[in-house]
Amino acid sequence: MTTFHSTRSTTDSLTSKQAIRKGIADDGGLFVTDSLGQTKVSIDDLAGKPYQAIAAEVLGALLPDFDEAELGQCIAEAYGQQWSDERITPLKPLGDDYVLELFNGPTSAFKDVALQILPRFMACTTPAGGDEDERIMILTATSGDTGKAALAGFADAPGTAITVFYPQGKVSQVQELQMTTQTGSNVAVAAVEGNFDDAQSAVKRIFGDRELADRLSSDSHVVLSSANSINVGRLVPQVVYYFAAYAQLLESQVINVGDEVEFVVPTGNFGDILAGYYAKLLGLPVKHLIVASDKNNVLFDFLTTGTYNRQRPFFQTISPSMDILISSNLERMLYYMAEGDTRLISMLMNDLNQWGAYEIPDDVLAKIRHLFGCGWADEDQVRAAIHDCWEKNHYVIDPHTACAYFVAQQIPPDPLTPRVILSTASPYKFPRVVNESLGLDATGTDFECMDVLSAATGTTAPAALRGLETADVRFKDVVAIDRMEAYVEQTAKAL
């Protein structure tokens with residue numbers, strides 16, 4: 001039987017439903033299973049399969065205690081009419097490479113792939129004989145996209161509530177409005193005085209606060225869980241789109257079954273690219289996973305030196321969702337690359353917490369570097385990449401995708417290995433930056449910028465983004481980092 005335990009100890013033995021409901025382990029570690037990769041997903045008949053059928057196979061292998069009917073219903077509800085492309089994550093040619101569009105969901109960001117299905121997973125996790133009045137409060141820090149995607153997924157979902165914290169002044173105008181205008185009787189949104197790492201660290205601290213947990217349970221019948229990619233239920237749906245990309249390459253006869261593929265992934269918290277590693281462990285022929293960072297290039301330095309050091313300047317960039325210095329999901333990859341050495345992982349995370357840095361053994365680094373490549377782009381290079389991609393391919397990319405596009409251009413292609421760039425957000429979430437990069441007028445509001453971009457490129461702004469201009473702002477709270485616990489408690493009583 002597949003069980004889940006912390007990356008830092010083996011004392012837990014939870015089912016996938018229990019791990020999803022709990023979100024994060026009591027010792028601060030992330031849930032992993034030692035069964036990962038024992039069940040393989042067949043690639044022989046992937047060509048022509050719809051996304052939903054691929055999802056059923058991949059998620060069935062990763063979450064075996066969900067039965068076929070439960071999974072089927074979760075998948076049908078998550079990947080239906082709310083997507084603007086029936087392929088869910090369509091693959092398109094981009095020069096000599098390919099681009100995998102992950103932003104055709106309701107909030108125009110890749111987070112929708114996981115956050116449309118996570119609330120459905122949660123609904124299947126209610127323990128038999130438990131407290132009937134108990135509600136799960138989803139508690140999430142966001143660097144821009146997770147917040148809205150989680151709010152959209154959990155708004156008015158039965159038995160749940162959701163509180164989202166975002167760094168004040170450090171997300172785009174469109175991202176902020178997506179969150180602060182969110183409808184739903186069970187949602188709360190607050191800006192925090194700090195950056196994303198501050199907010200995420202505080203959220204992890206709140207999860208570890210046993211006294212707070214007891215008060216929430218007794219006073220409000222609330223248990224906390226997470227919609228960040230620290231939650232295994234947020235991570236595993238992202239594995240599906242790597243298989244979907246492969247299926248589309250097979251269908252268009254770019255590859256034959258068994259041929260290897262490279263993926264270039266813009267990432268900050270390491271969840272998006274970790275899903276590619278999980279896909280490889282499940283049997284997908286992944287040759288390389290290339291980490292693309294922005295100016296906050298902590299992952300680049302780690303992958304080139306073996307030392308992870310968050311004691312460095314924090315840059316607020318034009319790719320805000322990647323402005324992260326503590327990449328939480330790296331811990332899961334280290335666990336598997338270190339062959340399940342929980343003592344080592346616990347020591348490394350303790351060093352990170354105490355000293356702001358850790359160094360991994362040489363043999364582990366060598367294994368990581370065999371699979372993972374890396375590169376990064378500064379802001380001028382990001383702007384140039386947006387311009388170059390439009391000039392060469394007549395395809396508009398957002399600043400996060402542009403990091404991956406730039407890095408891909410720096411690495412000589414292997415003519416025998418197709419390369420897929422993951423596109424994580426609609427360019428209309430960042431219209432000002434995109435317009436500046438393309439030499440278009442960027443002087444008006446974000447909405448005027450959207451209209452300029454649309455007219456100049458013949459593309460259309462997603463209706464949900466364009467409609468934000470006239471939406472009512474519901475949330476204006478700003479809290480200090482050390483007041484986040486109090487805000488959660490207050491929200492739990494009010495919702």
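In this predicted model, the count of aromatic pairs comes to 13. A pair of aromatic rings is described by the distance of the centres and the angle of the planes. One of these pairs is formed by Y335 and Y336, whose rings stand edge-to-face, with 5.2 Å from centre to centre and an angle of 80° between the planes. Both partners lie in the interior: Y335 has a relative accessible area of 2% and is buried, and Y336, with a relative accessible area of 14%, is buried as well. Elsewhere in the chain, ring pairs link Y51, Y79 and W83 into a cluster.

Aromatic rings also take part in arrangements with lysine side chains. K17 lies over the face of F66, at 5.2 Å from the ring centre, while K295 is placed over the face of F315, where the distance to the ring centre is 4.4 Å.

The overall form of the chain provides the setting for these local features. The protein chain has 22 helices and 15 strands. Its radius of gyration is 21 Å, close to the 23 Å that the globule rule gives for 495 residues, and the chain is therefore as compact as a globular protein of that length. Taken along the principal axes, the box filled by the C-alpha atoms of the protein chain is roughly 60 × 50 × 45 Å. Of the 495 residues in the protein chain, 59% are buried. Among the contacts in the protein chain with a separation of 6 or more, 75% are accounted for by residues 24 or more positions apart.

The interior contains a largest nonpolar core of 112 residues, within which F243, F263 and F372 have the most contacts. Helix 11, spanning residues 237-251, gives the most to this core, contributing 11 residues. A second core, separate from the largest one, has 37 residues and includes L177, W390, L465 and L468. The surroundings of F263 can be described in detail: when residues up to four places away in sequence are not counted, F263 touches Y242, A245, L284, V286, H288, L289, I290, V420 and L422.

A further buried position is found at S293, which belongs to strand 10, comprising residues 286-293. S293 counts as buried because its relative accessibility is 2%, which is under the 20% limit. Leaving aside its neighbours within four places in sequence, S293 is in contact with T267, L299, F300, M322, G375, W376, A377 and C403. By contrast with these contacts, N231, which is 62 residues apart from S293 along the chain, has its C-alpha atom separated from that of S293 by 22 Å.

One annotated position is K111, which the UniProt record, an unreviewed entry, covers with the annotation "modified residue: N6-(pyridoxal phosphate)lysine". In the model, K111 is placed in helix 4, which consists of residues 111-115. With a relative accessible area of 8%, K111 is buried. Not counting residues up to four places away in sequence, the residues that K111 touches are D145, T146, A149 and R234.

Key
Residues numbered from 1 in each chain as written. Predicted model: local features only at pLDDT ≥ 70, side-chain atom pairs only at ≥ 80, totals over all residues. Heavy atoms only, no water. Core = buried A, V, L, I, M, F, W, Y, C linked by side-chain atoms within 4.5 Å. Buried < 20%, exposed > 50% of the residue type's maximum accessible area, 1.4 Å probe, protein only. Helix = DSSP H or I, 4+ residues; strand = E, 2+ residues; numbered from the N terminus. Contact = heavy atoms within 4.5 Å. Phe/Tyr/Trp six-rings, centres within 6.5 Å; stacked < 30°, edge-to-face > 60°. Lys NZ or Arg CZ within 6 Å of the ring centre and 35° of its normal. UniProt positions renumbered as here; feature names shortened; annotations may be inferred. Rg over C-alpha atoms; globule rule 2.2 N^0.38 Å.
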